[in-house]
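Here are a few short exercises to work through with the model open. Try each task yourself before reading its solution.

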Amino acid sequence: MSTRLDLTQDVGALTARIVDIESVSGDEKVLADAVEEALRALPYLRVDRDGASVVARTGLGRGERVVVAGHLDTVPVADNLPSHVEDGLLYGCGTSDMKAGVAVALKLAATLAEPVRDVTYVFYDCEEIEAERNGLRRLSLDHPDWLTGDFAVLMEPTDGEIEGGCQGTLRAEITVRGRRAHSARSWLGVNAVHRALPVLGILDAYQARRPVVDGLEYHEGLNAVAIRGGVAGNVIPDECVVTVNYRFAPDLSLDAAQEHVREVFDGFEVHFTDLAPAARPGLTDPVAGAFVAAIGGTPRAKLGWTDVSLFSGLGIPAVNYGPGDPNLAHQRGEYVSLEKIADCERRMLTWLGARHK
């Protein structure tokens, strides 16, 4: 089967084509090859490649440069390929998160030879897995000049609404110690699994903050996401580890978020295993204001982590905006509305002031 992308297709059909090119995290090369080939056919774009990430840029000397970015990878396929359409909905792995957004960005690149703003299109790998492998992070370290801009739009699923900023996220291991013993003489030991009950009680009683940051309300969360303990079927365990995930609002720095977790679990061993900062909404920037005016609607807070955080760290205001529904992301029955994809394309064309080639 050919993997060539036809950028003259309707954006819905292009989305289906992209969805049918499997690209689970770490295995994006085939799709990245297809994206690169399609973009290199557009003579007004400079195209660069790093690993499974592709960056294409106009060079018109406009007064503003904006970045339109989307990740190529998906979570593992769950018997939900190839894609199919039912009642105006396109079903398949990655439809919502976020191949519909990728299709919109590719259509913009193919349609706009002379946008009123210079545009950098970024298609990158490994967003759905650990931060160390994130393709956008790699680009920011190895090719920071490829990502320069005055404003960025992440085509993450937002159900066609602007979502400002993003929550930070961290994972921590809360370790409870005990003492091993034979289970037939359990009184000679201290059961670490039993001693983890207070940790679970803290989590169960936890009252999450709902702070308002730059006019948008965020809803935090602190939850157990894993628990492990046990040695053998006849041994009292001497260690139990509860892994917790803290999703925190952008009024907290990484240091402040870690300190909060230490305070919540005061008296327990706390070891942090993954950290990603939050990002403030950034909607007060004039370029962001123009984007909001063109797209319409009322911006809301992004309840989740996205690479808006990375752009924020680079000093580039950024928002999330895409046709997918975030509530459907990673589900076996994931789908996207074909009408939402077309509407997203129209609104982005309006913002970029289309003078079609």
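**Exercise 1.** Find the residues that UniProt lists for "domain: Peptidase M20 dimerisation", and say how much of that stretch is helix and strand.

Solution. Start with the record: the unreviewed UniProt entry gives residues 168–266. UniProt positions follow the numbering used here, feature names are shortened, and annotations may be inferred rather than shown by experiment. Next, the make-up: residues 168–266 are 24% helix and 37% strand. Helices (H or I, at least four residues) and strands (E, at least two) are DSSP runs, numbered from the N terminus. Last, the end C-alpha atoms of this stretch sit 22 Å apart.

A word on the source: this is a predicted model, where local features need pLDDT of at least 70, side-chain atom pairs count only at pLDDT 80 or more, and totals for chains, interfaces and linings use all residues. Residues are numbered from 1 along each chain as its sequence is written, and side-chain values use heavy atoms, leaving out hydrogens and water.

**Exercise 2.** Is K302 buried or exposed?

Solution. First locate K302: the loop between strand 17 (300–301) and helix 9 (308–313). K302 counts as buried because its relative accessibility is 6%; buried means under 20% relative accessible area, exposed over 50%, partly exposed in between (1.4 Å probe, protein chains only). Then follow its side chain, which reaches the backbone oxygen of P157 at 3.0 Å.

**Exercise 3.** Why is helix 1 largely enclosed by the rest of the structure?

Solution. Helix 1 (residues 11–19) is largely enclosed because eight of its nine residues are buried. Among them are V11, L14 and R17.

Definitions and conventions:
A polar contact is a pair of N or O atoms within 3.5 Å; within protein, one must be able to donate a hydrogen and the other to accept it, and residues adjacent in sequence count only if both atoms are side-chain atoms.
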